[in-house]
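Let's take a walk through this one together, a piece at a time. Keep the viewer open and follow along as we go.

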Amino acid sequence: MTGIAEKAAALNNDEILRYSRHLIMPEVGMEGQLKLKQAKVLCIGAGGLGSPLALYLAAAGVGTLGIVDFDVVDFTNLQRQVIHGTSDVGRKKLDSAADTLGEINPNVEVRKFDTRLSSANALELFREFDIIADGTDNFPTRYLVNDACVLTGKPNVYGSIFRFEGQASVFATKEGPCYRCLYPEPPPPGLVPSCAEGGVLGILPGLVGIIQATETIKLILGSGEPLIGRLLLVDALAMRFRELKLRKNPDCPVCGVNPTVTELIDYNQFCGIRGEEAAAPSTIKDMTVEELKQRLDKGDDLFVLDVREPHEYQICNIGGHLIPLNDLPKRVSELDSSREIVVHCKMGGRSAKAVDFLKQSGFTRVHNLAGGITAWAERIDPKVPKY
Amino acid sequence: MKILVPTPLRQYAGRQPAFEAPAATVGEALSALTATYPDLRKHLYGEDGKLRAFVNVYLNDDDIRYLQNDATTVKDTDILSIVPSIAGGRL
């Protein structure tokens with residue numbers, strides 16, 4: 001960020017009025033506001049974290065905001081992705097976000113990157129910006145963002161959420177640790193539930209995204225104590241903030257003394273093939289929702305097992321016997337192995353695990369309902385709500 | 001001592017946010033936890049018996065990797081935090 005103030009243009013009278021509450025405080029002042037105007041921040045994702053992050057950075061007067069996203073707004077996003085509105089459903093998140101940001105502050109140059117961040121484009125993209133704000137939702141992209149930040153020397157303003165807990169930090173500064181110093185390897189797929197599976201309290205990305213925005217602005221201004229070498233843990237239910245010490249790991253594969261990762265790798269492979277849970281059970285025979293409907297109508301003796309959680313069952317159900325996936329091992333005696341069993345969940349992921357478990361437990365006539373109750377709602381019974 | 005169990009792992013630990021373990025070391029505390037909740041074991045430890053690379057354990061605010069790992073001695077008033085990596089955000 002050195003040299004930003006030197007090459008800064010002046011603010012016009014409209015901007016002086018707009019930023020007056022910044023200009024009259026010594027911690028920002030004209031010098032700080034010009035730094036903000038000259039700053040270029042890249043937001044990875046315009047979703048839960050990216051929404052508040054981009055909104056506040058734009059309002060604060062960050063001159064150039066890049067956004068990388070390839071997704072489209074859907075109804076389930078609106079509970080927390082406050083940069084998008086109901087009329088934006090079906091639009092590209094990039095277009096929706098750019099419109100909102102333009103309305104909040106037309107002085108901001110929004111640069112839209114309609115692409116999936118990848119090892120092929122990350123380095124080139126990151127070099128055009130000063131700071132990278134990571135609002136991604138998956139491990140491959142997290143490791144990609146981290147490594148690309150280390151390799152290009154750009155600070156990585158990190159935030160991550162699950163249900164009602166969040167983490168935030170600033171990684172990959174010269175003196176501080178990177179994400180791999182904290183977590184050298186990702187969990188194998190399936191061991192940690194995703195937000196789509198586990199849910200997330202809508203205000204939590206708001207809290208964590210605004211912490212990221214705050215850290216980004218402090219880095220630009222060069223003031224305060226950034227979250228370098230500190231991991232902030234947020235528990236929204238208890239409303240407790242805790243802080244853990246992070247250290248730069250001298251053996252870190254990417255930012256350590258003798259790095260082994262010196263260029264970007266295949267992050268899907270890095271996150272996908274390790275761990276015993278990685279291999280998807282392949283012997284499961286799927287049943288389509290059409291087949292299930294046809295066989296139920298015919299009066300076949302099928303036992304429908306629902307392995308979702310009770311609160312999901314309350315949203316909608318197709319009359320299945322409810323045993324949540326995690327309770328299955330201790331409640332397996334409720335099932336009759338001589339009957340033909342069809343297992344379903346929301347989308348088909350948890351039921352596949354349940355089928356795998358039942359087969360290992362000696363059940364032979366077990367099917368996984370492909371696409372879960374969501375497919376049933378889409379293709380068989382529109383009265384069943386999707387969630 | 002008190003062990004704080006993070007949200008993603010609570011489903012394997014009786015759905016409780018905290019666990020009270022009488023222990024003299026970090027290793028004893030974690031053993032007491034996984035003895036009570038055996039399902040938790042495979043989420044904390046790999047087949048090699050080591051803590052998994054995406055799970056960190058902090059004694060108060062210090063990473064046990066930079067203390068004496070499992071052998072780190074603890075007091076009754078200490079707090080042990082299990083901090084796994086989480087990936088949510090964009091969705």
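**A tour of the two chains**

Let's start at Y66(B), which is partly exposed, with 14 other C-beta atoms within 10 Å. What you're looking at is a predicted model, so read everything below in that light. Y66(B) sits in the loop between β4 and β5 of chain B. If you look for T25(B), you'll find its C-alpha atom 15 Å from that of Y66(B), with the two positions 41 residues apart along the chain.

Stay in that loop for a moment, since N69(B) also lies between β4 and β5 of chain B. N69(B) has a positive phi, near 50°, and isn't a glycine. How exposed is N69(B)? It has 15 C-beta neighbours inside 10 Å, so it counts as partly exposed; the cut-off for buried is 20 or more.

Now step back to the sheet in chain B. It's an open sheet of five strands, running in the order β2-β1-β5-β3-β4, with mixed pairing. Its edges are β2 and β4 (62–63) of chain B, each of which pairs on one side only. At the β4 end, β3(B) and β4(B) are antiparallel partners with two bridges. To see where they meet, pick Y58(B): its bridge partner in β4(B) is D63(B).

Next, find helix α2 of chain B, residues 26–36. Which of its residues are buried? They are V26(B), A29(B), L30(B) and L33(B). Look down the axis of α2(B) and these buried residues fall within an arc of 95°, so they line one face of the helix. And what covers them? The cover over the buried residues of α2(B) includes β1 (2–4), β2 (18–20), β3 (55–59) and β5 (79–84) of chain B.

Over to chain A. It has 16 helices and 13 strands, and its C-alpha atoms fill a box of roughly 80 × 50 × 40 Å along the principal axes. Of its 387 residues, 43% are buried. Take the contacts in chain A between residues at least 6 apart in sequence, and you'll find that 68% of them join residues at least 24 apart.

A good place to dig in is β6(A). Seven of the seven residues of this strand are buried, so β6(A) is largely enclosed by the rest of the structure. Try tracing which way they point. In a regular strand, side chains alternate between the two faces of the sheet. Here, E165(A), Q167(A), S169(A) and F171(A) point one way from β6(A), while G166(A), A168(A) and V170(A) point the other way, and all are buried.

Who are the neighbours of β6(A)? One is β5(A), which pairs with β6(A) in the antiparallel sense over seven bridges. You can check this at V157(A), whose bridge partner in β6(A) is V170(A). The two strands make a hairpin with two residues between them, and in the turn R163(A) has a positive phi of about 55°. Another neighbour is β7 of chain A (residues 230–235), again antiparallel to β6(A), this time over four bridges. There, A168(A) has L232(A) as its bridge partner in β7(A).

Follow the chain on from β7 and you come to the loop between β7 and β8 of chain A, which holds M239(A). M239(A) has a positive phi of about 45°, although it's not a glycine. Is M239(A) buried or exposed? With 9 C-beta neighbours inside 10 Å, it counts as exposed.

One more piece of chain A before we bring the chains together: α7(A). This helix has 14 residues and reaches 20 Å from its first C-alpha to its last, close to the 20 Å expected at 1.5 Å a residue. Of those 14 residues, 13 are buried, so α7(A) is largely enclosed by the rest of the structure. Just after the helix, G153(A) takes a positive phi of about 70°.

Finally, the interface. Here 38 residues of chain A are in contact with 22 residues of chain B. Several elements you've just met turn up on the chain A side: α7 (139–152), β5 (156–162), β6 (165–171), α9 (195–198) and β8 (240–245) each supply at least two residues. Which of them gives the most? That's β5(A), with four residues. By class, the side of chain A that touches chain B has 18 nonpolar, twelve polar and eight charged residues.

Key: Residues are numbered from 1 along each chain as its sequence is written. Chains are lettered from A and ligands numbered from 1 in the order in which they are written. Two residues are in contact if their C-beta atoms, placed from the backbone, lie within 7 Å. Ala, Val, Leu, Ile, Met, Phe, Trp, Tyr, Cys and Pro count as nonpolar, Asp, Glu, Lys and Arg as charged, and the others, Gly among them, as polar. A residue is buried if 20 or more other C-beta atoms lie within 10 Å of its own, exposed if 12 or fewer, and partly exposed in between; C-beta atoms are placed from the backbone. The arc is that of the directions from the helix axis to the C-beta atoms. Two strands pair if DSSP finds at least two bridges between them. The expected span of a helix is 1.5 Å times one less than its number of residues.
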